[in-house]
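This report goes through one protein chain, from its strand pairing and core to a few single residues. Please keep the sequence and the structure in view while reading.

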Amino acid sequence: MSDVVNITEAAAFQIKEMMKHNGEEGSFLRVAVKGGGCSGLSYGMAFEQEAGEKDQQLEQFDIKILVSEDDAPILNGTTIDYKQSMMGGGFTIDNPNAIASCGCGSSFRTATNTGTPENC
């Protein structure tokens, strides 16, 4: 059985580096969905100190991950990776539930959740 969100080893390394740089060691990594973006929904990641009562908690590569009960069905099976290229590096998100996304790659919609589209 796969987790709601899976992070790759490359993403975990980068997340840990960011935690160290920002003094967030031991924090949770929140993976979230919010309205907006040209396709209606967008991804969010942030560090948090405490879990909420409606959060699912996961742990991968010694990183504690939070996903809210509301976001879990939208994110189910999502993989977060980190890719480095000559143009720089960044996180990539592969969500099997997304049926459309925009060119910037951070906005999407699913068959059941269209969100609130905005201009990119």
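## Strand S5 and its partners

In this predicted model, Lys-64 of S5 is the bridge partner of Phe-28. That pair belongs to the contact between strand S2 (residues 28–35) and S5, where the two strands run parallel and are joined by three bridges. Lys-64 also has Glu-59 standing opposite. Strand S4 (residues 55–60) runs antiparallel to S5, and six bridges join the two.

Strand S5 covers residues 63–68, and five of its six residues are buried, so the strand is largely enclosed by the rest of the structure.

## The turn between S4 and S5

S4 and S5 form a hairpin with two residues between the strands. Phe-61 and Asp-62 are both found in this loop. Most residues other than glycine have a negative phi. Phe-61 is not a glycine, yet its phi is positive, at about 50°. Asp-62, also not a glycine, has a positive phi of about 65°.

How exposed are the residues of this loop, beginning with Phe-61? Phe-61 has a relative accessible area of 38% and is partly exposed, because the value falls between the limits of 20% for buried and 50% for exposed. Asp-62 has 64% relative accessibility and counts as exposed.

## The nonpolar core

In soluble globular proteins, nonpolar side chains tend to be buried together. The largest nonpolar core here has 21 residues. Those touching the most other members are Val-5, Ile-7, Val-31, Ile-63, Ile-65, Val-67 and Leu-75. Two or more core residues come from each of strand S1 (5–7), helix H1 (9–21), S2, strand S3 (41–48), S5, helix H2 (72–75) and strand S6 (78–85). Helix H1 gives the most, with four residues.

Val-67 shows how one of these core residues is surrounded. Which residues are in contact with Val-67, once its neighbours within four places in sequence are left aside? They are Val-4, Val-5, Arg-30, Val-31, Lys-54, Asp-55, Gln-56, Ala-72 and Leu-75. Of these, Val-5, Val-31 and Leu-75 are also named with Val-67 among the core residues that touch the most other members.

## A buried serine

Ser-27 is found in the loop between H1 and S2. Is this residue buried or exposed, at 3% relative accessibility? Ser-27 counts as buried, because its value is under the 20% limit.

The side chain of Ser-27 takes part in two polar contacts with other side chains. One is with Glu-24, at 2.7 Å, and the other is with Gln-49, at 2.8 Å. Leaving aside neighbours within four places in sequence, Ser-27 is in contact with Met-19, Phe-47, Glu-48, Gln-49 and Lys-64. Lys-64 is thus a contact of Ser-27 as well as the residue of S5 that is the bridge partner of Phe-28.

## The three-stranded sheet and helix H1

Three strands make an open sheet in the order S1-S6-S7, with mixed pairing. S1 and strand S7 (88–94) stand at the edges; each has a single partner strand, so one side of each is left without a neighbour in the sheet. The twist from one strand to the next averages 25°.

S6 and S7 run antiparallel and are joined by seven bridges. Within this pairing, Asp-81 has Thr-92 of S7 as its bridge partner. Helix H1 lies across S1, S6 and S7, and runs at about 75° to S6. H1 is also the element that gives the most residues to the largest nonpolar core.

## The chain as a whole

The secondary structure comes to two helices and nine strands. Along the sequence, these follow the pattern β-α-β-β-β-β-α-β-β-β-β.

The protein chain has 120 residues, of which 37% are buried. Among contacts with a separation of 6 or more, 57% join residues 24 or more positions apart. The chain exposes about 7100 Å², and carbon and sulfur atoms supply 48% of that area.

Definitions and conventions:
Residues are numbered from 1 along each chain as its sequence is written. This is a predicted model: local features need pLDDT of at least 70, side-chain atom pairs count only at pLDDT 80 or more; totals for chains, interfaces and linings use all residues. Side-chain values use heavy atoms; hydrogens and water are left out. Buried means under 20% relative accessible area, exposed over 50%, partly exposed in between (1.4 Å probe, protein chains only). Two strands pair if DSSP finds at least two bridges between them. A nonpolar core is a set of buried Ala, Val, Leu, Ile, Met, Phe, Trp, Tyr and Cys residues joined through side-chain atoms within 4.5 Å. Contact means heavy atoms within 4.5 Å. A polar contact is a pair of N or O atoms within 3.5 Å; within protein, one must be able to donate a hydrogen and the other to accept it, and residues adjacent in sequence count only if both atoms are side-chain atoms. Axes are lines fitted to C-alpha atoms, for helices over the stretch in contact, and angles run from 0 to 180 degrees between N-to-C directions. Accessible areas come from the Shrake-Rupley method with a 1.4 Å probe; for residues, only the protein chains shown count as cover.
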